[in-house]
Amino acid sequence: MTRKQRRLTLIGSAGAVLAVALGLILFALNDQIVFFQSPTDITQSTIPSGQRIRLGGLVEEGSVVRSDNAEVSFRVTDMANAVSVTYKGILPDLFREGQGVVTEGIISSDGVFVADSVLAKHDENYVPKEVAEALKEQGHWQGGEGDAQ
């Protein structure tokens, strides 16, 4: 084997090892990858129940219902469609009707989104980029040009 062939064999082997390592990493992280969906995306597509997703939009006015056992139900809307959400736990201090929210969880078999985490926007100028883009596409965006960054 010449010197050039050994070098090419070494480079090819290193590339194969890196490709296998990358494949194993992506396979291991497959359960951790969560896709963002708007209420319109959820109502117009068939997302299998049990699949983990992020739902973002605005908390619908008049939809928040609190129960005694720290369970809250509300609706998330993008002004075109709305999805019912249930959450058991303590909500962020900034959570309220009409505010931007991103929830993470699964869709149950009856179509209700069961959230295990709720994130509220942190100030008057911030809306998650995906939520702002979805609202802009539907013509409901009322923020400034640089607000969704």
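Strands here are DSSP runs of E at least two residues long, numbered from the N terminus, just as helices are runs of H or I with at least four. With that in hand, the predicted model can be read element by element: the protein contains 3 helices and 7 strands, which follow one another from the N terminus in the order α-β-α-β-β-β-β-β-β-α.

A few overall values set the scene. The protein has 149 residues, and 30% of them count as buried. Among contacts with a separation of 6 or more, 49% link residues that lie 24 or more positions apart. The exposed surface comes to about 9,800 Å², of which carbon and sulfur atoms supply 54%.

What lies at the heart of the largest nonpolar core? This core has 18 residues, and the members that touch the most others are Ile42, Leu55, Phe74, Val85, Phe95, Phe113 and Val118. At least two core residues come from each of the strands β2 (52–59), β4 (71–77), β5 (82–88), β6 (100–107) and β7 (113–120). Val85 offers a handy place to look around: leaving aside residues up to four places away in sequence, Val85 touches Leu55, Val72, Ser73, Phe74, Val76, Thr103, Phe113 and Ala115.

Helix α3, spanning residues 129–137, has Val131, Ala132, Ala134 and Leu135 as buried residues. Viewed down the axis of α3, these buried residues fall within an arc of 165°, so they line one face of the helix. Their packing partners are β1 (35–37), β2 and β6. On the face turned away from the buried side, α3 carries the exposed residues Lys129 and Glu137. After the helix comes Gly139, with a positive phi near 80°.

Two loop residues also deserve a look for their backbone angles. Most residues other than glycine have a negative phi. Ala70, although not a glycine, has a positive phi of about 65°. Ala70 sits in the loop between β3 (65–66) and β4. Is Ala70 buried, exposed or partly exposed? Its relative accessibility is 37%, and since the partly exposed class lies between under 20% for buried and over 50% for exposed, Ala70 counts as partly exposed. Met79 is likewise not a glycine and has a positive phi, of about 75°. The loop between β4 and β5 holds Met79, and this residue is partly exposed, with a relative accessible area of 48%.

How values were computed: Residues are numbered from 1 along each chain as its sequence is written. This is a predicted model: local features need pLDDT of at least 70, side-chain atom pairs count only at pLDDT 80 or more; totals for chains, interfaces and linings use all residues. Side-chain values use heavy atoms; hydrogens and water are left out. Buried means under 20% relative accessible area, exposed over 50%, partly exposed in between (1.4 Å probe, protein chains only). Contact means heavy atoms within 4.5 Å. Accessible areas come from the Shrake-Rupley method with a 1.4 Å probe; for residues, only the protein chains shown count as cover. A nonpolar core is a set of buried Ala, Val, Leu, Ile, Met, Phe, Trp, Tyr and Cys residues joined through side-chain atoms within 4.5 Å. The arc is that of the directions from the helix axis to the C-beta atoms.
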